[in-house]
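Thank you all for coming. I would like to walk through one structure with you this morning, and I will take it region by region.

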Amino acid sequence: MDVIPATGALVEFKGDAVAVGVFENQEKGKPPALPQPAQGIDAKAGGIVSASIKSGEFTGKLNSVSAYHLGSLPSRVLLLVGLGKKSDFEPDIVRQAAGKACCAARDLGAKKLAFCADSVLFKGVKAKDAGRLLTEGAILGLYKFQSHKSEAEKKELEELHLLTKGSAREVADGAKYGEIAASSANIAREIANSPGNLAHPQKMAAVASELARNYGFKCKILGKTEMAKEKMGGMLSVTAGSHQPPAFVILEYEGPKSKGKKPVVLIGKGITFDSGGISIKPSKDMDRMKFDKSGACAVLGAFIAAARAKVPQRLVGLVPLVENLPGGSAARPGDIVKMRSGKTAEVISTDAEGRMILADALDYSKKYKPRAIIDLATLTGACVVALGYECSGLMGNDDKLASLVEKSGEESGERVWRLPMWKFYNDYNKSEVADIKNVGMAGGAAGTIAAGKFLEAFVPEGVAWAHLDIAGTAWNEKPSPYLALGGTGVGVRLLLALLHKL
């Protein structure tokens, strides 16, 4: 879909549909005020819109959509999109409005839709912000995973025009950023949604290599033999039960004026399918374990976004790719594994495998002498229990970096909540027989923090580090206004915002 910012009025737009955001009336029971851009359309349509509003058919309730067929006007349909109460407004509502409007227009068979960007300029949302937010919501909202359907959905919205009476250039600047962020996230979603038989480690490595060629960054792949030479005991332990060979993907990007600078390292958990291994998961919902590679997908998407946006950073991406299956050669609970760092880890559960591969990746990052490390992983069910599906868990060892991650989460709509990492939590992972154990206290107390503490033990000394547990945010259990069922691409937009701040 093409996004086309322009100066113009909705009433004059020659397309299939036009859309405008409408706030609820703050006074209960009273109809909302019809925005000026829609008033002109209403007048030419004989007052059908205002009559509908007065009758209570449309109230402006958040994410409600009403369609009005306009007859002889240049555009055949007007969409009113509810923005909710002004007192509850936040920037993400703009994304939601765009997602709802675009999907409604598509379902009506529209090819060209114009959205009034001026109708969402409120509470600090400027023209540039409107361009970014509307574009992100539209592109994310229209995405569907249907690559493997014999008959894919044929209805497609081809053009989104963002109309303003102000500066179209400012709207366009925001739209450019929004298109990069959302399109990159959609690539991550597409890979995350792909099933284990089609997105096994070697296939994922091949996809990473192809993306690197297409978008202009470097890609190197280590195989099982190289992993053994690197003494990656965590990786080799997790992969032992699968017939699919593992892969360790190394990405490198050098932005403008970043040559010679210490890199930011991005690490993403890439369990292409997680059965739990010998500590096997229940069969119910196990099909969703294809999403256990969402951290890896986020890193791939972030590299695409950084390269397209020409982010002035030097980046290294480390993507450990492994399939976790039971088998005669699989790792067992009670095994002791020597990790790349030289530390020994007692395997209490083979279903706590993500931290094993991330630990080797964290230690491998020492080669690059990074100035900061951010890792992303669908790491613990405990994080879902603690925070639900609305935000990711944030842990780390550096207040400044954590603060930047929090701000980037707010800006991108991918919120995080910081969890404590006090020293006494180190005791949760103490092992009687090894240096550390891969599961915390019996009963799962502070399970998310215990997992973070395990990772912290492998972070290079003196390096700022942030860990994002995206277990609850990596996929949607039910559709939201701009994210369909399945992979969300979480982390891509946050990381792009963060890289501009570092």
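**Two loop residues with positive phi**

Let me begin with alanine 446, which is partly exposed, its relative accessible area being 29%. Before I go further, please keep in mind that what you see is a predicted model, and that every value I quote is computed from that model. Alanine 446 sits in the loop that runs between strand 17, residues 436-437, and helix 13, residues 447-456. What draws attention to alanine 446 is its backbone, because phi there is positive, at about 50 degrees, although the residue is not a glycine.

There is another residue of this kind, lysine 231, whose phi is positive and near 60 degrees, again in a residue other than glycine. Lysine 231 belongs to the loop between helix 7, residues 224-229, and helix 8, residues 233-239. Is lysine 231 buried or exposed? With a relative accessibility of 60%, lysine 231 counts as exposed, whereas alanine 446, at 29%, is partly exposed.

**Strands**

Strand 17 leads us to a small piece of sheet, so let me describe that next. Three strands, written 12-13-17 in their order, make up an open sheet, and the pairing within it is mixed. Strand 12, residues 336-338, and strand 17 are the edge strands, each of them pairing on one side only. Strand 13, residues 344-346, runs parallel to strand 17, and the two are paired over 2 bridges. Within that pairing, glutamate 346 stands opposite lysine 437 of strand 17.

Now I turn to strand 8, residues 247-254, which is mostly covered, with 6 of its 8 residues buried. Which strands does strand 8 pair with? Strand 7, residues 218-222, runs antiparallel to strand 8 and is joined to it by 5 bridges, and strand 11 is also antiparallel to strand 8, with 8 bridges between them. To place these pairings at the level of residues, cysteine 219 has leucine 251 of strand 8 as its bridge partner, and glutamate 252 has valine 316 of strand 11.

Strand 11 covers residues 314-324, and leucine 321 lies within it. Leucine 321 counts as buried, since its relative accessibility is 1% and the cut-off for buried is under 20%. For a sense of distance, the C-alpha atom of leucine 321 is separated by 23 Å from that of glycine 447, a residue 126 positions away along the chain.

**Aromatic residues**

The structure holds 12 aromatic pairs. One of them joins phenylalanine 424 and tyrosine 425, whose rings are 4.9 Å apart centre to centre and tilted, with 45 degrees between the planes. Tyrosine 425 also pairs with tyrosine 428, this time edge-to-face, at 5.3 Å centre to centre and with 70 degrees between the planes. As for their surroundings, tyrosine 425 counts as buried at 11% relative accessibility, and tyrosine 428 counts as buried at 18%. Taken together, ring pairs link Trp422, Phe424, Tyr425 and Tyr428 into a cluster.

A ring can also have a charge placed over it, and here lysine 343 lies over the face of phenylalanine 458, at 5.5 Å from the ring centre.

**Cavities**

How many cavities of 30 Å³ or more are there? The count comes to 3, and the largest cavity holds about 90 Å³ of space. Its lining is made up of 15 residues, and those nearest the centre of this largest cavity are Ser237, Val238, Ala331, Thr350 and Glu353. Sorted by class, the lining of the largest cavity consists of 7 nonpolar, 7 polar and 1 charged residues.

**A covered helix**

I will finish with helix 14, residues 492-501, which is mostly covered, as 8 of its 10 residues are buried. Which residues of helix 14 are the buried ones? They are Val492, Arg493, Leu494, Leu495, Leu496, Ala497, Leu498 and Leu499. As background, an α-helix has 3.6 residues a turn, so residues three or four places apart point the same way. In helix 14, the buried residues include Leu495, Leu496, Ala497 and Leu498, which follow one another along the chain.

Key. Residues are numbered from 1 along each chain as its sequence is written. This is a predicted model: local features need pLDDT of at least 70, side-chain atom pairs count only at pLDDT 80 or more; totals for chains, interfaces and linings use all residues. Side-chain values use heavy atoms; hydrogens and water are left out. Buried means under 20% relative accessible area, exposed over 50%, partly exposed in between (1.4 Å probe, protein chains only). Helices (H or I, at least four residues) and strands (E, at least two) are DSSP runs, numbered from the N terminus. Rings of Phe, Tyr and Trp (its six-membered ring) pair if their centres lie within 6.5 Å; planes under 30 degrees apart count as stacked, over 60 as edge-to-face and the rest as tilted. A charge sits over a ring if NZ of Lys or CZ of Arg is within 6 Å of the ring centre and within 35 degrees of the ring normal. On a 1 Å grid over the protein atoms alone, a cavity is a set of points where a 1.4 Å probe fits but cannot get out, and a pocket is an open set with protein on both sides within 12 Å along at least five of seven lines; lining residues have an atom within 4 Å of a point. Grid points are joined across faces, edges and corners, and a volume is the space filled by probe spheres set on the points. Ala, Val, Leu, Ile, Met, Phe, Trp, Tyr, Cys and Pro count as nonpolar, Asp, Glu, Lys and Arg as charged, and the others, Gly among them, as polar. Two strands pair if DSSP finds at least two bridges between them.
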